Amino acid sequence: MANKPKAPWQQGIKAPLVFSLVMALIAGVVATFAAAGGTENGLRIDIGLIAFGVAFIVSLVVISLMIMAGRENDSDFGTGSGVNRSSKHPDRRASDRHTGEYGQKKGH
């Protein structure tokens, strides 16, 4: 078996799951006690479980979207032609890349 390098902690699935679990536990506990309405009433476990589920799903989706939005692009993006022009020189045409600044071919 080949040794695969482990994915960094930030790009793995473990970090978002653990963070979502912690957030969901906090939301579930707070909702369980807050929904009781005082010490004379019983704890509302049903509302706590609902808050746990909602908080887990919402935080997992938000964290996943933030991770996807924060990823770096590949190095070959922005080097194409047409719509995918090079971002270094957005005013140049694709055919101008093969010529020098003054219309001379590179290497001449």
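Helices here are DSSP runs of H or I with at least four residues, numbered from the N terminus. On that basis, α1 and α2, the latter covering residues 45-69, each contribute at least two residues to a nonpolar patch. The model under discussion is a predicted one.

The chain as a whole contains 2 helices and 0 strands. Of its 108 residues, 13% are buried. The accessible surface amounts to about 9,300 Å², and carbon and sulfur atoms account for 62% of that area. Among the contacts with a separation of 6 or more, 39% join residues that stand 24 or more positions apart.

The nonpolar patch is a convenient place to begin. Its members are V29, F33, L43, I45 and L49, which together expose about 510 Å² of accessible area on the surface. One of these residues, I45, is located in helix α2.

Two members of the patch, L43 and I45, also appear in the surroundings of T32. This threonine belongs to helix α1, which spans residues 14-34. When neighbours within four places in sequence are set aside, T32 is in contact with L43, R44, I45 and G48. The relative accessible area of T32 is 10%, and because this value is under 20%, the residue is classed as buried.

R44, one of the contacts of T32, leads to the next feature. The side chain of R44 meets that of D46 in a salt bridge, with an N to O distance of 3.1 Å. The structure holds 1 salt bridge. Both partners fall in the intermediate class of accessibility: R44 is partly exposed at 35% relative accessible area, and D46 is likewise partly exposed at 41%.

A second residue of helix α1, S20, offers another view of the contacts in this model. Is S20 buried or exposed? Its relative accessible area is 0%, so S20 counts as buried. The side chain of S20 has a polar atom 2.9 Å from the backbone oxygen of P16. A polar atom of the S20 side chain also lies 3.2 Å from the backbone nitrogen of L60. Beyond residues up to four places away in sequence, S20 touches F56, S59, L60 and I63. L60 therefore appears twice in the description of S20, once through its backbone nitrogen and once in the list of contacts, where a contact means heavy atoms within 4.5 Å.

F56, another residue touched by S20, introduces the aromatic side chains. The structure holds 1 aromatic pair. That pair consists of F52 and F56, whose ring centres lie 6.4 Å apart with 10 degrees between the planes. Why is the pair described as stacked? The planes of F52 and F56 are 10 degrees apart, and because planes under 30 degrees apart count as stacked, the pair receives that description. Both phenylalanines lie in helix α2, where they are 4 residues apart, or about one turn of the helix. F52 is partly exposed at 27% relative accessibility, and F56 is also partly exposed, at 24%.

Taken together, these details can be followed along the two helices. In α1, T32 and S20 are the buried residues considered here, with relative accessible areas of 10% and 0%. In α2, the residues considered include I45 as well as the stacked pair of F52 and F56. Residues of both α1 and α2 take part in the nonpolar patch.

Note on methods
Residues numbered from 1 in each chain as written. Predicted model: local features only at pLDDT ≥ 70, side-chain atom pairs only at ≥ 80, totals over all residues. Heavy atoms only, no water. Buried < 20%, exposed > 50% of the residue type's maximum accessible area, 1.4 Å probe, protein only. Areas by Shrake-Rupley, 256 points an atom, 1.4 Å probe, with all protein chains shown as cover. Patch = residues over 30% accessible without salt bridge, like charges linked within 9 Å, V, L, I, M, F, W, Y side chains within 5 Å. Salt bridge = Lys/Arg side-chain N within 4 Å of Asp/Glu carboxyl O. Polar contact = N/O pair within 3.5 Å; in protein donor to acceptor, adjacent residues only side chain to side chain. Phe/Tyr/Trp six-rings, centres within 6.5 Å; stacked < 30°, edge-to-face > 60°.
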